[in-house]
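This briefing is an aid to reading the structure shown below. Please keep the sequence and the 3D view side by side while working through the points.

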Amino acid sequence: MSAVAADAAETLSVRNVGIDFTTKDGVFPALDGVNIEIPVGGFTTLLGPSGCGKSTLLRTISDILQPTRGSLSLFGLTPREARQDGAFGFVFQDPVLLPWRNCLQNTALPLQVAGVGKRERTERAAEMLKLVGLEGFETRMPSQISGGMARRVAIARALVLSPRILFLDEPFNGLDELRRRQMNEELQRIWLESGTTAILVTHNVSEAIFMSDRVLVMARNPGRIIADERIELPRPRTQELTRSPEFLEYEDRLTRLLTDAYRGVDD
Ligand SMILES: Nc1ncnc2c1ncn2[C@@H]1O[C@H](COP(=O)(O)OP(=O)(O)OP(=O)(O)O)[C@@H](O)[C@H]1O
């Protein structure tokens with residue numbers, strides 16, 4: 001943790017957070033001693049093996065789970081206050097678009113739920129579709145677009161309420177490597193334009209480096225952070241950069257850390 005306490009309004013702080021689950025085999029510490037300080041506007045990635053508590057940590061930050069120990073502060077608010085304030089946007093592994101609504105109507109859904117009038121929500125949703133590169137596809141139905149396009153719609157929908165924090169839980173799982181790289185470039189552009197704070201969960205080392213200012217490597221039993229790596233590469237990052245010695249050095253280092261994190265998973 002930083003020696004100088006940052007301004008609470010500018011920082012997402014997770015302090016000594018632990019989560020215990022009670023199962024028939026006893027109490028299981030899914031997370032323990034987790035400390036994170038994320039600056040407003042930053043892009044942070046949680047990288048770790050299956051079962052290390054990445055989703056549990058996201059769920060705790062987003063007020064779905066209450067910590068057993070420790071505390072959280074989200075830019076000066078509690079997780080509950082932040083949720084009630086509409087501070088969160090979510091993109092999940094599966095884009096889950098409503099098949100009977102077109103791209104514009106799917107993007108506008110959170111606005112409709114929030115009671116925003118039709119004209120304003122149409123304008124705002126169209127703006128978001130433009131941001132994710134889907135101008136001209138407003139009236140396409142989900143069955144008429146590719147998997148990559150569906151993910152863009154999911155990102156547009158997550159950003160439509162201008163969230164302070166965008167949670168991305170393995171959003172490009174299932175895409176082939178080339179498509180994933182294209183989506184990473186797109187997401188970087190969208191994130192830079194939106195100015196939101198982003199927290200990504202991934203298993204993919206290259207994606208973690210490409211996207212992040214910071215990569216938190218997690219291990220399990222108990223779920224904890226074993227490394228906090230700053231990625232000091234210039235933006236906007238390009239595919240060219242992924243072949244540079246600096247990028248490959250990060251890749252090598254994070255792969256080693258992740259290998260350590262995987263060690264013991266099946267012990
Ligand atoms: N409600 C629950 N009750 C009991 N155990 C749980 C519960 N939710 C999660 N766990 C356990 O806590 C641990 C962390 O789960 P979590 O889903 O956060 O991991 P993860 O890193 O997101 O995994 P993955 O990458 O597979 O999604 C796992 O061992 C999981 O089985």
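The protein is divided into two parts: domain 1 covers residues 8–87 together with 165–262, and domain 2 covers residues 97–162. The model is a predicted one. The centres of domain 1 and domain 2, taken over C-alpha atoms, are 25 Å apart.

**Where the domains meet**

- Contact between the domains involves 13 residues of domain 1 and ten residues of domain 2.
- On the side of domain 1 that touches domain 2, helix 6 (residues 177–194) provides the largest share, seven residues.
- That side of domain 1 is made up of seven nonpolar, three polar and three charged residues.

**Surroundings of the ligand**

- The ligand is surrounded by 13 residues, and the closest are Phe 21, Ala 30, Ser 50, Ser 55 and Thr 56.
- At least two residues of this shell come from each of strand 1 (11–23), strand 2 (26–39) and helix 1 (54–61).
- Helix 1 contributes the most to the shell, namely three residues.
- By residue type, the shell around the ligand consists of eight polar residues, four nonpolar residues and one charged residue.

**Annotation from the record**

- An unreviewed UniProt entry lists residues 14–245 as "domain: ABC transporter".
- Within the model, the C-alpha atoms at the two ends of residues 14–245 lie 33 Å apart.
- Helix accounts for 34% of this span, and strand accounts for 27%.

**Overall fold and dimensions**

- The protein contains eight helices and nine strands.
- Along the principal axes, the C-alpha atoms fill a box of roughly 50 × 45 × 40 Å.
- The radius of gyration of the protein is 19 Å, which agrees with the value near 18 Å for a compact globule of 267 residues.
- Buried residues make up 38% of the 267 residues of the protein.
- Of the contacts between residues at least 6 apart in sequence, 70% join residues that are at least 24 apart.

**Cis peptide bonds**

- Asn 221 and Pro 222 are joined by a cis peptide bond, with omega at about -5°.
- Pro 222 belongs to the loop between strand 8 (214–219) and strand 9 (224–230).
- A cis peptide bond also links Arg 235 and Pro 236, where omega is about -5°.
- Pro 236 is in the loop that runs between strand 9 and helix 8 (245–262).

**Positive phi angles outside glycine**

- Asn 16 is not a glycine, yet its phi is positive, at about 50°.
- Asn 16 is located in strand 1.
- Asn 16 counts as partly exposed because it has 13 C-beta neighbours inside 10 Å, and a residue is exposed with 12 or fewer and buried with 20 or more.
- Val 96, a residue other than glycine, has a positive phi near 30°.
- Val 96 sits in the loop between strand 5 (88–91) and helix 3 (103–113).
- Val 96 is exposed, because 12 other C-beta atoms lie within 10 Å.

Conventions. Residues are numbered from 1 along each chain as its sequence is written. This is a predicted model: local features need pLDDT of at least 70, side-chain atom pairs count only at pLDDT 80 or more; totals for chains, interfaces and linings use all residues. Domain bounds come from an automatic or database domain assignment. Two residues are in contact if their C-beta atoms, placed from the backbone, lie within 7 Å. Helices (H or I, at least four residues) and strands (E, at least two) are DSSP runs, numbered from the N terminus. Ala, Val, Leu, Ile, Met, Phe, Trp, Tyr, Cys and Pro count as nonpolar, Asp, Glu, Lys and Arg as charged, and the others, Gly among them, as polar. A residue is near a molecule or strand if its C-beta atom, placed from the backbone, lies within 6 Å of it. UniProt positions are given in the numbering used here, feature names are shortened, and annotations may be inferred rather than shown by experiment. The radius of gyration is taken over C-alpha atoms; the globule rule is 2.2 Å times the number of residues to the power 0.38.
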